[in-house]
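Here is a short report on one protein model. It covers an annotated span, a sheet and some charged pairs.

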Amino acid sequence: MSEQTFLVLTALAEEPLHGYAIVQAVEQLSEGRMALRVGTLYGVLDRLVADGLAERDREEVHQGRLRRYYRLTDSGVRALQAEVARLSANVRAASAVLRARGLQPWASRA
């Protein structure tokens, strides 16, 4: 699973969101490391919908523009849980290797 997909699924885990809110949530979740472009976001959302991991929730008109909301499906929740488990196992393994070398796993950013 790509980091973009992971962060979009994470953003949708709390509540249904529309595109711009997803972009904002991804930027916040990634602490500014990832800024999704609109085209990229809708490509990710189209794949998630096609794979049954997300679905359209509702549409609203806001200031004359249509907002389409997306939400996770049960399959999307399970996929996110599986990816969290996979990433956590990778972090544990890498941390153990670093500690064995006398290094701190969480080096501060310079």
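The notes below go from the annotation to the sheet and then to the salt bridges.

## Model and annotated span

The model is predicted. An unreviewed UniProt entry carries the annotation "domain: Transcription regulator PadR N-terminal". According to that record, the domain covers residues 8-81.

Within the model, residues 8-81 are 53% helix and 26% strand. The C-alpha atoms at the two ends of the span lie 13 Å apart.

## The sheet

Three strands form an open sheet. Their order is β1-β3-β2, and the pairing is antiparallel. Two strands sit at the edges: β1, residues 17-18, and β2, residues 54-62. Each edge strand pairs on one side only.

Strand β3 spans residues 65-72. Two bridges connect β3 with β1, in the antiparallel sense. L17 has Y70 of β3 as its bridge partner.

## Salt bridges

How many salt bridges does a search of the whole structure find? The count is seven.

One of the pairs joins the side chains of E31 and R33, with N to O at 3.5 Å. E31 is exposed, because its relative accessibility of 61% is over the 50% cut-off.

## Charged pairs on the strands

The side chains of E55 and R71 also form a salt bridge, at 2.2 Å from N to O. This pair links distant parts of the chain. E55 belongs to strand β2 and R71 to strand β3, and the two are 16 residues apart. Are these partners buried, exposed or in between? E55 has a relative accessible area of 29%, so E55 counts as partly exposed. R71 is partly exposed too, with a value of 32%.

R58 pairs with E60 in another salt bridge. Their closest N and O atoms are 3.0 Å apart. Which residues does the network of shared partners join? The network is made up of E55, D57, R58, E60 and R71, joined by salt bridges that share partners.

Accessibility completes the picture for the R58 and E60 pair. R58 is partly exposed at 35% relative accessibility. E60 is partly exposed at 32%. Both values fall between the cut-offs of 20% for buried and 50% for exposed, so neither residue is classed as buried or as exposed.

How values were computed. Residues numbered from 1 in each chain as written. Predicted model: local features only at pLDDT ≥ 70, side-chain atom pairs only at ≥ 80, totals over all residues. Heavy atoms only, no water. UniProt positions renumbered as here; feature names shortened; annotations may be inferred. Helix = DSSP H or I, 4+ residues; strand = E, 2+ residues; numbered from the N terminus. Pairing = 2+ DSSP bridges. Salt bridge = Lys/Arg side-chain N within 4 Å of Asp/Glu carboxyl O. Buried < 20%, exposed > 50% of the residue type's maximum accessible area, 1.4 Å probe, protein only.
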